[in-house]
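Me: Please take a close look at one part of this structure, the surroundings of the ligands. Then set that part against the rest of the chain.

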Amino acid sequence: MAAASFETPAFREYPSVPALKPDAMAHLQPYVANEKIQEALGLPGKLVDDWHDVAIARMGDLLGKYRGLRVFMDSCVHCGACTDKCHYFIGSADPKNMPVARQELFRSVYRRYFTLPGKLFPKLVGARDLTKDVLDEWFSYFWQCSECRRCSVFCPYGIDTAEVTMAARAVLDTVGYGQKYSNEILGKVTKIGNNLGLPGPALLDTLEGLEEDVKADTGVDVKFPLDVKGAEILLVTPSADFFAEPHIESLIGYGKVFHAAGASWTLSSHASEAGNFGLFTGDYALMKKIATRIRDAALELGVKRIIVGECGHAWRVTYSFWNTLVGLGAGGTDPYAIEFQKQLDPRYPQPMHICEYTWDLIERGVLKFDKSLNDHRTITFHDSCNVARGSRMGDRAGGQFDIPRNIIKAVANNYVDMEAGTIREKTFCCGGGGGVLTDDLLELRVKGALPRMEALKQVADSRNVNFMATICAICKAQFTKVLPYYGFKMGVVGGVHQLVSTAIRLEGQE
Ligand code: SF4
Ligand code: SF4
């Protein structure tokens with residue numbers, strides 16, 4: 001771990017509200033996307049000359065299109081219930097990282113241009129002109145929000161700061177002020193098929209290497225098939241699963257589960273990414289384009305089922321947006337959507353999370369485990385924001401919380417939950433979600449991880465927890481990076497299917 005130019009926040013004795021440090025994070029901005037990155041997405045290469053008018057027009061467009069955004073602009077009563085609920089505020093003490101203050105950066109401009117009092121008496125109602133300084137402030141603080149939606153759980157009006165953040169980022173993109181990390185990734189996935197820019201032959205190589213590793217480890221021929229036409233199941237998973245640690249351990253787990261179930265399955269080189277960063281930049285057209293790659297792959301391969309791997313925001317996009325994006329379920333009326341729906345097998349939830357798939361097999365007694373193989377671990381579970389607050393899983397309310405925990409308890413003997421106010425729908429973000437998982441924002445990521453690290457420390461000290469499972473590729477990458485800042489080893493984090501992989505017993509396994 002290189003020496004940091006910032007201080008890691010100290011653990012608090014009690015979860016108290018930090019003393020305010022105005023502008024503590026004002027210096028922090030992500031890198032700006034260059035012309036090549038911007039133009040690959042059809043966005044202006046740099047800040048356009050008439051950016052002010054373009055930005056206001058885009059705000060008007062968004063306010064007209066998304067009624068929720070307009071309601072959020074008008075309904076905040078400044079009650080303060082959200083102020084201390086954001087992990088970035090808790091970790092940085094910067095008052096502009098309070099959710100209500102973050103919204104106010106956008107709302108004050110909204111008031112100025114879209115309300116009568118703001119047009120007539122701007123000072124009286126706290127309305128602001130959109131100046132270049134304000135635009136810079138947006139670029140700073142709207143990239144200090146992970147769109148985790150924790151604040152909205154505590155807002156009596158359900159105001160969702162994540163939606164405001166998405167709108168602000170959409171305006172920034174429109175005027176040519178994009179964020180390098182997210183837009184670069186969007187370029188790769190739309191061109192090559194995954195966030196890493198990993199081409200098909202390299203993917204094939206990786207998967208063949210994985211088959212050899214698993215064979216050497218278990219003596220069993222577990223396959224990781226690619227582009228198999230006529231396979232029953234298409235697995236779409238975050239591309240980090242193909243090479244990053246600990247992600248790849250979960251991919252091995254999925255492969256073992258499919259093998260044990262005798263399933264016919266495949267990955268796709270065309271749709272080798274479950275993640276969809278269009279959600280982070282508030283660009284629904286790009287979200288649709290990325291989701292459509294998966295539909296195209298499913299149609300091309302003729303699969304009957306689609307299963308999504310361990311990726312938080314991917315599951316939210318899949319579960320909550322695919323009906324309108326690609327016509328899976330109600331609303332799909334274009335010929336491809338109709339064909340897609342006819343092709344998929346209605347006896348199964350479409351789409352399905354890998355945890356639903358595995359849990360169903362466990363409930364039916366299809367999988368065999370030796371739980372003692374996980375006895376060196378005392379495990380806790382980190383609920384990932386987009387799964388916890390943006391989706392569901394299975395056929396019961398709360399399935400997104402219960403199913404991963406049920407799997408862990410089925411494959412391991414030692415399980416402990418973290419403190420109630422930090423899990424399930426009140427879970428704290430890992431600190432790296434929503435498009436901020438980049439080293440230029442490392443200070444933010446470390447500071448924003450504080451509440452989760454505190455909750456982990458508490459169960460590590462009191463219950464000997466030494467493994468934190470999660471079902472999100474971003475959470476895994478973020479924790480791997482920030483755990484050492486808080487005195488933990490990187491290997492403390494891992495996937496739910498990593499635990500499955502450890503305990504599962506395959507026929508013929510040595
Ligand atoms: S990071 Fe999460 S809690 Fe903080 S303002 Fe954004 S959505 Fe709200
Ligand atoms: S909790 Fe809701 S209404 Fe209260 S200040 Fe926050 S956003 Fe406004």
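What follows starts at the ligands and then moves out along the chain.

Reply: This is a predicted model, in which local features need pLDDT of at least 70, side-chain atom pairs count only at pLDDT 80 or more, and totals for chains, interfaces and linings use all residues. Residues are numbered from 1 along each chain as its sequence is written, while chains are lettered from A and ligands numbered from 1 in the order in which they are written.

Take ligand 1. Its shell holds 16 residues. A residue belongs there if its C-beta atom, placed from the backbone, lies within 6 Å of the ligand. The closest are Cys-86, Pro-99, Cys-145, Cys-148 and Cys-151. Three helices give two or more residues each to this shell: H5 (99-114), H8 (150-154) and H9 (161-174). H9 gives the most, with three residues. Helices here are DSSP runs of H or I with at least four residues, strands are runs of E with at least two, and both are numbered from the N terminus. By class, the shell around ligand 1 has eight nonpolar, three polar and five charged residues. Nonpolar means Ala, Val, Leu, Ile, Met, Phe, Trp, Tyr, Cys and Pro; charged means Asp, Glu, Lys and Arg; the others, Gly among them, are polar.

Now ligand 2. Its surrounding residues include Cys-76, Val-77, His-78, Cys-79, Gly-80, Ala-81 and Cys-82. Pro-99 and Val-100 are there too. So are Cys-155, Tyr-157 and Ile-159. Pro-99 thus appears beside ligand 1 and beside ligand 2. The class counts around ligand 2 are ten nonpolar, two polar and no charged. Five charged residues are found around ligand 1.

Next, the domains. An automatic or database domain assignment sets the bounds. It gives domain 1 (44-177), domain 2 (191-359) and domain 3 (368-503). The C-alpha centres of domain 1 and domain 3 lie 30 Å apart. In their interface, 14 residues of domain 1 are in contact with 17 residues of domain 3. Contact means C-beta atoms, placed from the backbone, within 7 Å. On the domain 1 side, helix H4 (87-92) and H8 each give two or more residues. H4 supplies the largest share, five residues. The domain 1 side has six nonpolar, five polar and three charged residues. H8, then, contributes to the shell around ligand 1 and to the side of domain 1 that touches domain 3.

Step back to the whole chain. It has 23 helices and seven strands. The C-alpha trace spans about 75 × 55 × 40 Å along its principal axes. A compact globule of 510 residues would have a radius of gyration near 24 Å, and the chain agrees with 23 Å. That radius is taken over C-alpha atoms, and the globule rule is 2.2 Å times the number of residues to the power 0.38. Of the 510 residues, 52% count as buried. Buried means 20 or more other C-beta atoms within 10 Å of the residue's own, exposed means 12 or fewer, and partly exposed lies in between, with C-beta atoms placed from the backbone. Among contacts between residues at least 6 apart in sequence, 78% join residues at least 24 apart.

Helix H15 (residues 312-326) deserves a stop. It has a kink of about 60°, centred on Ser-320. The bend is the angle between axes fitted to the seven residues ending at a position and the seven starting there. Twelve of the 15 residues of H15 are buried, so the helix is largely enclosed by the rest of the structure. Among them are Trp-315, Arg-316, Phe-321 and Trp-322. Gly-327 follows H15, with a positive phi near 75°.

Last, the backbone exceptions. Most residues other than glycine have a negative phi, and most peptide bonds are trans. The bond from Glu-245 to Pro-246 is cis, with omega near 5°. Pro-246 sits in the loop between strand S1 (233-236) and helix H12 (247-261). Another cis bond joins Gln-350 and Pro-351, with omega about -5°. Asp-227 is not a glycine, yet its phi is positive, about 55°. It counts as partly exposed because it has 17 C-beta neighbours inside 10 Å. Asn-464, also not a glycine, has a positive phi of about 60°. Asn-464 lies in the loop between helix H21 (450-463) and strand S6 (467-470). With 11 other C-beta atoms within 10 Å, Asn-464 is exposed.

Notes. Contact = placed C-beta atoms within 7 Å.
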